[in-house]
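Please look through the structure shown below, moving from the overall fold of one chain to the aromatic rings and the charges placed over them.

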Amino acid sequence: MHESIQVKNITKTYDKVIALNSINFEVEKGELFGLIGPDGAGKTTLLRILTSLLVPDSGEAFMNGYHVVKDYKTIRNIAGYMPGRFSLYQDLTVEENLEFFATTFGTTISENYDLIKDIYIQIEPFKTRLAGRLSGGMKQKLALSCALIHKPEILVLDEPTTGVDAVSRKEFWEMLIRLKNQGITIIVSTPYMDEAGMCDRVALMQKGDILQIDTPEDIAGQFAKKVFAVKAENVYNLLRDIQAFEHTHSVYPFGEYLHYISKTTSNIKEELSNYLDSKNHKSVKIMTVKPDIEDCFMELMTKTVNNGE
Amino acid sequence: MLILFGMPIAQILIFGYVVTNEIRDAKIAILDFSRDDITREITNKLTSSGYFQVYEVLKSNHDIEPALQRGIVKEVVVFEHDFADNIKRNGSAKVQLIADASDANHANLIVNYTRAIISDYAKDLAGIQNMPLQIVPKVRMLYNEELKGAFMFVPGTMALILMLVSAMMTSISIAREKELGTMEILLVSPLKPVQIILGKVTPYIGIAFINAVVIVLLGIFVFKMPIMGSNTLLMLECLLYITMALSLGILISTMSNSQQVAMFISMLALLLPTMLLSGFIFPIDNMPLVLQWLSYIIPPKYFIIILKNVMLKGTGIFFVWKETLILLSMTIFFIALSVRKFKTRLE
């Protein structure tokens, strides 16, 4: 059995809103799999179905061969789940929380201490502090420890780094990679494109559909069009003017630059530069950049929007 | 919307029927030492008035106390020996009215109605026979000789307060987990619903029991309530009642999604029925049949009966085993229903 997670035609609707539209994918054992997409893409719903918290309208899903609806009791033993919202007992201390969840799963802290050691050691100095009074990053580390305490075979993390500072985010991902190296299958959702690069494979999600599944490198590599980073003094006017430009395929803010993709294939740089001069933009800078996963995502999104219309 | 329009209608109907000071078919017992025409006629007058219903006919003085202890008969009317002869000879005869005053207001009401009927009869008889005569009623309020209001209110208040406090404690407990998101993580653990529910109820039993003890002590020392029966029995019954209320709270909690809803339900759904239909303020016997049936599913009703029996009448478990059994089965029913209703998934 190579697939840790199998998702087959999973559909879920809330009232009339389609949260998941016939989703299919597989995650291999020991893989770090990312679900990337904006809010409302259906990531949380999908993860809740996998952890047996929700029942899909149609389709099936398996975790290590166990059916997420029929074998939900088994699923609850083999999966470690960290919800998007901080869900530990705020009025218990760090240590009490960990002990509580260890007991809940019929184990003890010392039994699986090896697994959580790397993470727990960072919050151990605060073990008598109430969980509600930890910083965002430490809360997430505690939540991860609690999700790991019963040595799950599959770890399901819902936006674990949302609301966490950049340094803690980086640390957190390093921990995930260490866990992966210990053979735990990890499925993680995130709205941050830059985190996608840390995953083995990612699924780009948008409005209940999976747009593409591949390794982050391949997704970026498949990107056929040239991407230019553009910068000028007045960024707001620049964005408006480029949107009005006849050759523009798409343009969107990317950090301090705008990323520009043209409809034409040749002389893009000169055309754009001439156009911007005619609009009196000052200190214009245009340079070619290597497309990354966010560019792909933007491209895929515009595609689906256009197809939809 | 249902609450906005339904509540006032339901309340008006319930209040209108419950809040009355009339008595209707109050059950009485007759102990007639004389068995002559006059006592028979008085008995007929009592029953034909529509206020009373003769539930049993007693044989001796020893039957009086047990009859009242059982709680169905609210008053015993005792006619002295040679009742008719005494009237003919002396122009006066004695009748004793022994009322179950564990519900003081009700007892007062019953006694007054009885007196009025008897003195009416005496007047009629005097008119016919054309001679002054009187029937002297001697009243005894059993279990609460001085008709202290506290004797009536303390058991009712105990039932009300323990019910509300206990139910409220547990009703917010599971709803709070849902609100804080901790339920999500409890659900993905292998804990069984029954473990979660019993785990929620157990610690509160201790807290609520302390409450109960404090209330009983206040009743004894501040309101001078007697405890005629066994202390142990009283405490055990309190414990049972608390557990029942906590289980009811858990049931409310499993069915509501937020603490506010849970609070609202436990206030609304428990406060009014407990006040109106438990026999706390208004005697159940005087309600219309529909409401009387409704009162059978109001748990505090049974606790109030138990309390009055143990505290005022000094009866033992043999007189309250039925009520105890009902409370016990209600507890089990609530726990079982909560476990069934407990959602093992989100939504």
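Among contacts in chain A between residues at least 6 apart in sequence, what percentage join residues at least 24 apart? In this predicted model, 69% of those contacts in chain A join residues at least 24 apart. The secondary structure of chain A is made up of 10 helices and 14 strands, and its C-alpha trace spans about 70 × 45 × 35 Å along the principal axes.

The surface of chain A can be taken next. Of the 309 residues in chain A, 51% are buried, while the accessible surface of the chain comes to about 14300 Å², with 48% of that area belonging to carbon and sulfur atoms. Chain A carries 34 positive and 42 negative charges, and the mean positions of these two sets are 3 Å apart.

From here the aromatic rings serve as a guide. Over all chains, the structure holds 11 aromatic pairs. One of them is formed by B:Phe79 and B:Phe83, an edge-to-face pair with 5.3 Å from centre to centre and 85 degrees between the planes. B:Phe79 counts as buried because its relative accessibility is 0%, and B:Phe83 likewise counts as buried because its relative accessibility is 0%, the cut-off for a buried residue being under 20%. Another geometry appears in the pair of B:Tyr241 and B:Phe303, which is stacked, with 3.9 Å from centre to centre and 5 degrees between the planes. This pair links distant parts of the chain, given that B:Tyr241 belongs to helix 9 (residues 231–255) of chain B and B:Phe303 to helix 12 (residues 299–313) of chain B, the two residues being 62 residues apart. Are B:Tyr241 and B:Phe303 buried or exposed? Both B:Tyr241 and B:Phe303 are buried.

Chain A has an aromatic grouping to examine as well, for A:Tyr89, A:Phe100 and A:Phe101 form one aromatic cluster.

Rings also take part in arrangements with charged side chains. Within chain A, the charged end of A:Lys139 sits over the ring of A:Phe86, at 5.1 Å from the centre of that ring. A further arrangement brings together residues of chains A and B, where B:Arg345 lies over the face of A:Tyr72, 4.5 Å from the ring centre.

Notes
Residues numbered from 1 in each chain as written. Chains lettered and ligands numbered in written order. Predicted model: local features only at pLDDT ≥ 70, side-chain atom pairs only at ≥ 80, totals over all residues. Heavy atoms only, no water. Helix = DSSP H or I, 4+ residues; strand = E, 2+ residues; numbered from the N terminus. Buried < 20%, exposed > 50% of the residue type's maximum accessible area, 1.4 Å probe, protein only. Contact = heavy atoms within 4.5 Å. Areas by Shrake-Rupley, 256 points an atom, 1.4 Å probe, with all protein chains shown as cover. Lys, Arg positive; Asp, Glu negative; His and termini not counted. Charge placed at Lys NZ, Arg CZ, Asp CG, Glu CD. Phe/Tyr/Trp six-rings, centres within 6.5 Å; stacked < 30°, edge-to-face > 60°. Lys NZ or Arg CZ within 6 Å of the ring centre and 35° of its normal.
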